[in-house]
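Subject: A structure to look through

Dear colleague,

I am passing on a structure that I would like you to look through at your own pace. Please open it first, and then read the notes below with the picture beside you.

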Amino acid sequence: MIDQNERAKILIEALPYIQRFNGSTMVIKYGGHAMVNEKLKQKFALDIILMKYVGINPIVVHGGGPQIGDFLNRLSIKSEFIGGMRVTNKEAMDIIEMVLVGKVNKEIVNLINHNMGMAVGLSGKDGNLVTARKMKYLKKKDGDQPPEIIDIGMVGEIVSIDTSLLESLIKSDFIPVIAPVGAGTNGETYNINADIVAGHIAASMKARKLILLTDTKGVLDEEGHLISTLKDDEAAYMITNGIINGGMIPKINCCITALADGVKKAHIIDGRNEHAILLEVFTKGGIGTEIIRSQS
Ligand SMILES: Nc1ncnc2c1ncn2[C@@H]1O[C@H](COP(=O)(O)OP(=O)(O)OP(=O)(O)O)[C@@H](O)[C@H]1O
Ligand SMILES: [Mg+2]
């Protein structure tokens, strides 16, 4: 048990951060892999509500990899990933949209609202928030050969973000919770990696921080040790030599782009730790990996 003095000290330690971040926007990507247990989900909701009550504007973007995988399994539809992206045919797209927008999104909204927050669930289709187009996935070939274009189906890349709906919601003190599905200019539906959506929204909203919650301690080196601070150029090199792979690739890429577009800091932290967000935002040490620009 901690004594009264300790408790007061912990609260006071948060004061400079509360002052510094008052009025700023932070985008939090809640990975499907960090969403697996009820207690953790509850703590996540409390962290988001606390942020809101101390004057930060949190915007939540969520994933749902395992939840989508479960449903596709039940329907005997195979899951396949290329470069951390889920290959998505039209049939899978319907299920993905239902799971992300109908189930995972509403579950997070409900958790926040049940704990006295005021969340509103959206997909990228609402208010034209995310306009997308089919992603051309380029696979590098050996030597001088041109890259191979691989068809990964209805996986989208972002063309534009319209922030007007988000701004209205924030002005009215709602917490937006966004499912990573977007519409194309011909009305087609795209499945977009949630890290990429979070990165673009952070850049468009001029967010102070982009925080990606996942199921590892942060970015790990080749020996499996946590890297506390990683420069953007080093991170890009780690992708080239394969130390960063799979689902970590879109995370790193979106952090690099968000930083280049004016987001002050990007963090990849372990969503399996209770209150990971609070520890990152309101304490001296911080946790996980922070990605910074090598030249600023
Ligand atoms: N160098 C690395 N350091 C840490 N994790 C890595 C690295 N390279 C690859 N990974 C993988 O990236 C995974 C995280 O991405 P993943 O897409 O699986 O989860 P998520 O994005 O949090 O969830 P979701 O995709 O459901 O939103 C880790 O579990 C790990 O297996
Ligand atoms: Mg992922």
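A residue is called buried when its relative accessible area is under 20%, exposed when that area is over 50%, and partly exposed in between. Please also keep in mind, as you read, that this is a predicted model.

With that cut-off in hand, we can begin with His62, which lies in strand β2, made of residues 57-62. His62 has a relative accessibility of 0%, and therefore it counts as buried. Its side chain makes a polar contact with the side chain of Asn105, at 3.2 Å.

Let me turn next to the ligand. Which residues are the closest to ligand 1? They are Lys29, Gly65, Thr214, Asp215 and Lys251, and they belong to a set of 22 residues that surround ligand 1. In the side chain of Lys29, an N or O atom is 2.7 Å from an oxygen atom of ligand 1, while Lys251 has a polar side-chain atom that lies 2.4 Å from an oxygen atom of the ligand. Asn245 takes part through its backbone, where an N or O atom lies 3.1 Å from a nitrogen atom of ligand 1. On its own, ligand 1 has 640 Å² of accessible area, and the protein covers 81% of it. If you would like to find this shell by following the elements of the fold, those that give two or more residues to it are α3 (65-74), β13 (209-214) and α8 (248-260). Sorted by kind, the residues of the shell are seven nonpolar, 11 polar and four charged.

The next topic is empty space inside the protein. Rolling a probe the size of a water molecule over the atoms shows where empty space is left. How many cavities of 30 Å³ or more does a search of the whole structure find? The search finds one, and the largest cavity holds about 80 Å³ of space. There are 13 residues that line this cavity, and the closest to its centre are Leu40, Phe44, Leu213, Gly271 and Asn273. Helices α2 (38-53) and α9 (276-282) each supply at least two residues of the lining, and α2 gives the most, with four residues. By kind, the lining of the largest cavity divides into seven nonpolar, three polar and three charged residues.

From there, it is worth following a short path that leads back to helix α8. Asn193 sits in the loop between β12 (189-191) and α6 (194-204), and its relative accessibility is 16%, so Asn193 counts as buried. A polar atom of the Asn193 side chain lies 2.8 Å from the backbone nitrogen of Asp195, a residue that has its place in helix α6. Asp195 has a relative accessibility of 2%, and for that reason it counts as buried. Although Asp195 and Cys255 are 60 residues apart along the chain, their C-alpha atoms are separated by 8.6 Å. Cys255 is found in helix α8, one of the elements that give two or more residues to the shell around ligand 1. At a relative accessibility of 0%, Cys255 counts as buried. Cys255 can also be paired with Asp232, which is 23 residues away in sequence and 8.2 Å away in space, C-alpha to C-alpha.

A similar pairing can be found at Ser123, which lies in strand β5. With a relative accessibility of 4%, Ser123 counts as buried, and its C-alpha atom is separated by 4.6 Å from that of Ala179, although the two residues are 56 residues apart along the chain.

Finally, please look at two backbone angles. Asn128, which is not a glycine, has a positive phi of about 55°, and this residue is found in the loop between β5 (119-123) and β6 (130-134). Is Asn128 buried or exposed? Its relative accessible area is 52%, so Asn128 is exposed. His275, also a residue other than glycine, has a positive phi near 60°, and it is found in the loop between β15 (265-270) and α9. With a relative accessible area of 26%, His275 is partly exposed.

With kind regards

Notes:
Residues are numbered from 1 along each chain as its sequence is written. Chains are lettered from A and ligands numbered from 1 in the order in which they are written. This is a predicted model: local features need pLDDT of at least 70, side-chain atom pairs count only at pLDDT 80 or more; totals for chains, interfaces and linings use all residues. Side-chain values use heavy atoms; hydrogens and water are left out. A residue is near a molecule or strand if one of its heavy atoms lies within 4 Å of it. A polar contact is a pair of N or O atoms within 3.5 Å; within protein, one must be able to donate a hydrogen and the other to accept it, and residues adjacent in sequence count only if both atoms are side-chain atoms. Accessible areas come from the Shrake-Rupley method with a 1.4 Å probe; for residues, only the protein chains shown count as cover. Ala, Val, Leu, Ile, Met, Phe, Trp, Tyr, Cys and Pro count as nonpolar, Asp, Glu, Lys and Arg as charged, and the others, Gly among them, as polar. On a 1 Å grid over the protein atoms alone, a cavity is a set of points where a 1.4 Å probe fits but cannot get out, and a pocket is an open set with protein on both sides within 12 Å along at least five of seven lines; lining residues have an atom within 4 Å of a point. Grid points are joined across faces, edges and corners, and a volume is the space filled by probe spheres set on the points. Buried means under 20% relative accessible area, exposed over 50%, partly exposed in between (1.4 Å probe, protein chains only).
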